Amino acid sequence: MLKYSKFLGLVVFVFLFAMCNQKSKNESGKETILKGSLDIAVDETVKPIVDDQVAVFEGTYYGAKINVKPESEAEVINDLLNQKTKVAVTARNLSQEELARFEKSKIKPRVTPFATDAIAFIKSKNNNDTLIALKTVIDFMQGNSNTGIKGLVFDNPNSSTVRFMKELAKVKNVPSQNVFSFKTNEEVIKFVSENDGMIGVVGVNWLSQPSPSMVDIVKKINVLSVKGLNSNEYYSPTQNDLAEVKYPLARELFIINCQGYNGLGMGFGSFIAGDIGQRIVLKSGLLPIKTPARKLQIRNELLKDNE
């Protein structure tokens, strides 16, 4: 009887130990705002800034793993609507129709703006002209063949840059002639650098933060200064011109979180919109939504130099 009691006690101890160990494993694998694994669908035109944010976030919070999935804008939005992804970075806010679809699914997206980006027009450095009027590009988009533009080069038919320019020109489709499209912004930059007279339409983030393989190629193109529809001056997609709302092709960037709980998406969104994230935006060449504060140390007395 004593042996049986000891055996039973041992079985109970092993069972309780296993349960506690399993509970510990489950808790360690549970996603929090600073721990876990998350896939993020990202507008390909702004991938460099998201890569920087992810690198610093993961380096700060070692339990976090974020996988960046670059896609066209249409693919990003469709993945959100079809719940194939829960978190995305876009170059536009959700439309009322899209918000209504989320509401039907009882999902309330958390939308956080975190930067001002811009669309840039680029040409090969073999072309001396570095200025262009936005009206000239719009006329070309509307089918006017007498604009002097040899061709426009886009990254993807479903990209945010194509959508932006179509809305600006008030057209449903781009012209069937002298318009070229690839898959990525890197391919556009490379093509324009090798073909004189072509105008590339890219996200400025790829120019301010080129990948190592693109550094020399970016040096072979010029970023054009643009005259807006209601302006007589030409402005560039610089931080200063974006801050002063002078560059006519500026756009906001958003992180959209549809997780519906306090998960890694919330933590990453707060990080991007917070002080460190906004400093990363500032360093990237884009314009942060919130200007990071600078702490000044004021001395009551001047320090005397050692004689």
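Accessible areas here come from the Shrake-Rupley method with a 1.4 Å probe; for residues, only the protein chains shown count as cover.

**Whole chain**

This is a predicted model, so local features need pLDDT of at least 70, side-chain atom pairs count only at pLDDT 80 or more, and totals for chains, interfaces and linings use all residues. Residues are numbered from 1 along each chain as its sequence is written, and side-chain values use heavy atoms, with hydrogens and water left out.

Start with the surface. The chain exposes about 17,800 Å², and carbon and sulfur atoms supply 52% of that area. Switch to cartoon: there are 12 helices and 13 strands. These are DSSP runs numbered from the N terminus (helices: H or I, at least four residues; strands: E, at least two). Of the 307 residues, 44% are buried (under 20% relative accessible area; exposed is over 50%, partly exposed in between; 1.4 Å probe, protein chains only). Take contacts between residues at least 6 apart in sequence: 75% join residues at least 24 apart. Contact means heavy atoms within 4.5 Å.

**Select N185**

N185 lies in helix α7, residues 185-194. Its relative accessible area is 0%, so N185 is buried. Now show what N185 touches, leaving aside neighbours within four places in sequence: E44, T45, D155, V202, G203 and W206.

**Select the largest pocket**

A pocket is found on a 1 Å grid over the protein atoms alone, as an open set of points where a 1.4 Å probe fits, with protein on both sides within 12 Å along at least five of seven lines; lining residues have an atom within 4 Å of a point. Volume is the space filled by probe spheres set on the points, which are joined across faces, edges and corners.

The largest pocket holds about 220 Å³. It has 13 lining residues, and E73, A74, R92, N158 and R163 are the closest to its centre. Colour α3 (73-81) and α6 (160-169): each supplies at least two lining residues. α3 gives the most, with 5. The lining divides into 5 nonpolar, 3 polar and 5 charged residues. Nonpolar means Ala, Val, Leu, Ile, Met, Phe, Trp, Tyr, Cys and Pro; charged means Asp, Glu, Lys and Arg; the others, Gly among them, are polar. Domain 1 (36-116 + 252-288) and domain 2 (118-250) each give this lining at least three residues. Domain bounds come from an automatic or database assignment.

**Select the second largest pocket**

Its volume is about 160 Å³. Pick E44, P70, E71, S72 and K183, the closest to the centre among 14 lining residues. This lining has 2 nonpolar, 5 polar and 7 charged residues.
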